[in-house]
Amino acid sequence: MKVPDRNELMHHRLQAWIRENNSQDLQYLGHYPDSFGVFQYWYRIGKKHDVTVEQIEDIELITESDDDEEPNIFIGDNI
């Protein structure tokens, strides 16, 4: 049995987060090679940052107040 590495675990965590939260700030783009030919999971953060899963450090739901219907998203990344 193959043990998932950090990138696989983060990918599954992000997929679960996307399913559970209705947000336009995070979008899964697919699994395709990076500039070195290594297959990576790709995500779009906001409308202009396309990053690999290995660049995403963490994901956290942040709300400004209890009355917020639209949550803010903070995604730590290395870009």
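## Two charged pairs

Arginine 44 and aspartate 50 form a salt bridge, with their closest N and O atoms 2.7 Å apart. This is a predicted model, so the distance belongs to that prediction. Neither partner counts as buried, because buried means under 20% relative accessible area: arginine 44 has 25% relative accessibility and is partly exposed, while aspartate 50, at 36%, is partly exposed too.

The count of salt bridges comes to two. In the other pair, aspartate 58 meets arginine 13, and here the closest N and O atoms are 2.9 Å apart. Aspartate 58 sits in strand 4 (residues 56–62) and arginine 13 in helix 1 (residues 6–20), so this salt bridge ties together parts that are 45 residues apart in sequence. Aspartate 58 is partly exposed at 33% relative accessibility, and arginine 13 is partly exposed at 43%.

As general background, side chains of opposite charge can pair when their charged atoms come close.

## The chain around them

Stepping back to the whole fold, you will find one helix and five strands in the protein chain. Read from the N terminus, the order is α-β-β-β-β-β.

What share of contacts between residues at least 6 apart in sequence joins residues at least 24 apart? In this protein chain the share is 32%.

## Surface and interior

Of the 79 residues in the protein chain, 30% are buried. The chain exposes about 5,800 Å², and carbon and sulfur atoms supply 48% of that area.

Definitions and conventions. Residues numbered from 1 in each chain as written. Predicted model: local features only at pLDDT ≥ 70, side-chain atom pairs only at ≥ 80, totals over all residues. Heavy atoms only, no water. Salt bridge = Lys/Arg side-chain N within 4 Å of Asp/Glu carboxyl O. Helix = DSSP H or I, 4+ residues; strand = E, 2+ residues; numbered from the N terminus. Buried < 20%, exposed > 50% of the residue type's maximum accessible area, 1.4 Å probe, protein only. Contact = heavy atoms within 4.5 Å. Areas by Shrake-Rupley, 256 points an atom, 1.4 Å probe, with all protein chains shown as cover.
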